[in-house]
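How does one justify the words used to describe a protein model? The questions and answers here take such words in turn and set each against its definition.

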Amino acid sequence: MSDRRFRFGIVGSPRSGAEWTKTVRQAADLGYTTVLMPDGLQLPSPFPSLAMAAAVADIRVGTFVAAAPLRTPRAAAWEAHTLTVLTDGRFDFGIGTGRPVAEQQTAELGLPWGSPRERRDQVRETLDHLVKLDGEQRTPIMLAAGGPRALALAAARADIVSLAKDALTPRAEVAQLVHDLRELAGPRADEIELAMNLFAAGTRELPPWTKQAAGVDPDVLEATDSLMMLRGTPQQMADELQRRRDEFGTSYITVNSTFLEDLAPAVELLHGK
């Protein structure tokens, strides 16, 4: 379905400056192209963290994803544009309507949570502000898409679409999601890069947090061949990623930073493919 070259990113957040620097440099050394960071008041702020990441290694950075309700649209666009300028265009702006936990966090900031429609409108308004700020230097946009309304927004505005389905979603349903996205995107469908995020990779035993992150016991994920996992030897992982690219068109693969070394041999095998 896709002949795009693979690229790989890690998703993590800093616990200290020294640890963050080490992770970012290790990712760059192992062939990853992007360092991505989630958003939320329980974590350090993503924008200064990513600015630091871009300064310590020649690597792209991105939010994965910024929660629109945590900032006003103009403020979020200002932060994103600033990173584009400071990184010389190495920033991808991932933005979404916010996970449920963000509702309490917006209250802490004194901001409104809003209805699903209002939050989607906030994403659109943020992107409109960013276009005006960017001018000729355009910031690439990443949007997650799972439901029909998010899919329509992604088809219209995203450069990168992360396929957002739960851990037990059948392959046929993911394939249908991609089909629907392409139909909605029309002439620009081939311009959209499709991404898939992994909770885990490799052969080692999965840590307990994977159950909380996926909402499913790790044994169930393995037994059902969940697309959120990539298990096996480096060659087996590389073969499966090529299978997924052929089946869904996913060429941008992101993985939790805990597993960056586990996936790295497959990254090396697929480098340039």
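The dialogue below concerns a predicted model and moves from the whole chain to single residues.

Q: What makes up the secondary structure of the chain?
A: The secondary structure comprises eleven helices and eleven strands.

Q: Why is the chain called as compact as a globular protein of its length?
A: The globule rule gives 19 Å for 273 residues, and the radius of gyration of the chain is 18 Å, which is close to that value; the chain is therefore as compact as a globular protein of that length. Along its principal axes, the C-alpha trace spans about 45 × 45 × 35 Å.

Q: What share of the residues in the chain is buried?
A: A residue is called buried when its relative accessible area is under 20%. Of the 273 residues in the chain, 50% are buried. The chain exposes about 12,800 Å², of which carbon and sulfur atoms supply 52%.

Q: What share of the contacts joins residues at least 24 apart?
A: A contact requires heavy atoms within 4.5 Å. Among the contacts between residues at least 6 apart in sequence, 77% join residues at least 24 apart.

Q: How many positive and negative side chains are there, and how far apart do the centres of the two sets lie?
A: There are 30 positive and 36 negative side chains in the chain. The centres of the two sets lie 2 Å apart.

Q: Why is strand β11 described as largely enclosed?
A: Strand β11 covers residues 250–256, and six of its seven residues are buried, so the strand is largely enclosed by the rest of the structure.

Q: Which strands are joined to β11 by bridges?
A: Two strands pair if at least two bridges are found between them. Strand β1 (residues 7–11) is joined to β11 by five bridges, and the two run parallel. Strand β8 (residues 193–198) is likewise joined to β11 by five bridges, again in parallel. Both counts, five for β1 and five for β8, therefore satisfy the requirement of at least two bridges. Residue Y252 of β11 stands opposite R7, and Y252 is also the bridge partner of A195.

Q: What makes β6 a mostly covered strand?
A: Four of the five residues of β6 are buried. β6 pairs with β5 in the parallel sense over two bridges, and F93 stands opposite I141 in β6. With β7, β6 pairs in the parallel sense over four bridges; here A144 has S162 in β7 as its bridge partner.

Q: Which residues of helix α6 are buried, and what do they pack against?
A: In helix α6 (residues 148–157), the buried residues are L151, L153, A154 and A155. The buried residues of α6 pack against α5 (116–134), β6 (141–145), β7 (160–163) and α7 (171–185).

Q: How do you know whether V178 is buried or exposed?
A: The cut-off for buried is under 20%. V178 has a relative accessibility of 1% and therefore counts as buried. V178 lies in helix α7. V178 and L194 are 16 residues apart in sequence, and their C-alpha atoms are 8.6 Å apart in space.

Q: How do you know whether K132 is buried or exposed?
A: Exposed means over 50%. The relative accessible area of K132 is 70%, so K132 is exposed. K132 belongs to helix α5. Its C-alpha atom is separated by 9.7 Å from that of H81, although the two residues are 51 apart along the chain.

Q: Why is D88 called exposed, and why is D225 called partly exposed?
A: Exposed means over 50%, and partly exposed lies between 20% and 50%. At 68% relative accessibility, D88 therefore counts as exposed. D225 has a relative accessible area of 43%, so D225 is partly exposed. D88 lies in the loop between α3 (73–86) and β5 (91–96), and D225 in the loop between α9 (218–223) and β10 (229–231).

Q: What is notable about phi at D88 and at D225, and about the peptide bond that joins F64 and V65?
A: Most residues other than glycine have a negative phi, and most peptide bonds are trans. Phi of D88 is near 55°, a positive value in a residue other than glycine. Phi of D225 is also positive, near 55°. The peptide bond joining F64 and V65 is cis, with omega about -10°. V65 is found in the loop between β3 (60–63) and β4 (66–67).

Definitions and conventions: Residues are numbered from 1 along each chain as its sequence is written. This is a predicted model: local features need pLDDT of at least 70, side-chain atom pairs count only at pLDDT 80 or more; totals for chains, interfaces and linings use all residues. Side-chain values use heavy atoms; hydrogens and water are left out. The radius of gyration is taken over C-alpha atoms; the globule rule is 2.2 Å times the number of residues to the power 0.38. Buried means under 20% relative accessible area, exposed over 50%, partly exposed in between (1.4 Å probe, protein chains only). Accessible areas come from the Shrake-Rupley method with a 1.4 Å probe; for residues, only the protein chains shown count as cover. Lys and Arg count as positive and Asp and Glu as negative; His and the chain ends are not counted. The place of a charge is taken as NZ of Lys, CZ of Arg, CG of Asp or CD of Glu.
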